[in-house]
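Dear colleague,

I am handing over the structure we spoke about, and below it you will find what came out of going through the strands and the charged side chains. Please read the notes with the model open beside you.

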Amino acid sequence: YINGIASDGSGNWMFAQDNRLYYSTDDGASFAVSTPFASGGTPGRPQGIVYTNSSWVLCYSRSSAIQFRSCAASDITDWGTEVAGSAMTHFTTNGLTVKMAAAAGRVAAISEDDDDLNYFDVSGKVISNLTKVDLSMGADRAQDIATDGSTWLIAATDGDIWESTDAAESWSQTVDGFQADGSNTLDLESITCDVLLPL
């Protein structure tokens, strides 16, 4: 499975599959493959990828735990030390992933079966300030996350939307049970913002 793809906005694209990274410098017309983590723990199951602050950030699960790792855009062969996610569900089922959004060096990540969000800062291959936020969603679960750089939104099951205006540090539920026809509460599957990525 390919769980996520990201671009730096300048023709370079990256995605992960198994223990491999695929990288394109021609807007996706062709991809080269590498295995940069061979000596430092290969990602067992890639979960997501984003680009921000001239840094690539990969989320993957290994040894039954969610991990994050980053590199500077200037050297995609030199990745930093992996950083363990805090209280994030490790998926073994294809199709369930960790959703990620990023802006101005801040990354937020939440799994599709969790109400615990992780946020952290990234600069090149250094990840710092990883913090867990409990959204207390109850039986609901996150489906997607996005940001326009000032507002961060999570689309969730049962038609719920959660919002942050302080770079993913605190959240409030702003929509409770969106109903398309006045009777059935629907799962919100995806969300995006009307800006060009990356931020």
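Two strands are taken to pair if DSSP finds at least two bridges between them, and the strands themselves are DSSP runs of at least two residues, numbered from the N terminus. Please keep in mind throughout that this is a predicted model.

With that in hand, one pair of residues makes a good entry point: I145 has I154 in β14 as its bridge partner. The two strands concerned, β13 and β14 (residues 152-156), pair in the antiparallel sense over five bridges. They belong to an open sheet of four strands, in the order β13-β14-β15-β16 and with antiparallel pairing, whose edge strands, β13 (142-147) and β16 (172-175), each pair on one side only. On average, neighbouring strands of this sheet are turned by 30° against each other, direction ignored.

A further open sheet of four strands, again with antiparallel pairing, has the order β5-β6-β7-β8, and here the edge strands that pair on one side only are β5 (45-52) and β8 (83-84). Strand β5 runs antiparallel to β6 (residues 55-62) and is joined to β6 by seven bridges, and within β6 it is W56 that serves as the bridge partner of Y51.

Turning to the charged side chains, the count of salt bridges comes to eight. One of them is between R69 and E82, whose closest N and O atoms are 3.5 Å apart; because R69 lies in strand β7 (residues 65-72) and E82 in the loop between β7 and β8, the pair ties together parts that are 13 residues apart in sequence. Both R69 and E82 are buried, and together with R62 they are linked in a network of salt bridges.

R106 also deserves a look. The side chain of R106 meets that of D121 in a salt bridge at 2.7 Å, N to O, and since R106 lies in strand β10 (residues 106-111) and D121 in strand β11 (residues 116-123), this pair ties together parts that are 15 residues apart in sequence. R106 has a relative accessibility of 11% and therefore counts as buried, the cut-off being under 20%. R106 forms a salt bridge with E169 as well, with the closest N and O atoms 3.2 Å apart; E169 lies in the loop between β15 (160-164) and β16, so this pair ties strand β10 to a part 63 residues apart in sequence. E169, with a relative accessible area of 38%, is partly exposed.

With best wishes

Note on methods: Residues numbered from 1 in each chain as written. Predicted model: local features only at pLDDT ≥ 70, side-chain atom pairs only at ≥ 80, totals over all residues. Heavy atoms only, no water. Axes fitted to C-alpha atoms, helices over the stretch in contact; angles between N-to-C directions. Salt bridge = Lys/Arg side-chain N within 4 Å of Asp/Glu carboxyl O. Buried < 20%, exposed > 50% of the residue type's maximum accessible area, 1.4 Å probe, protein only.
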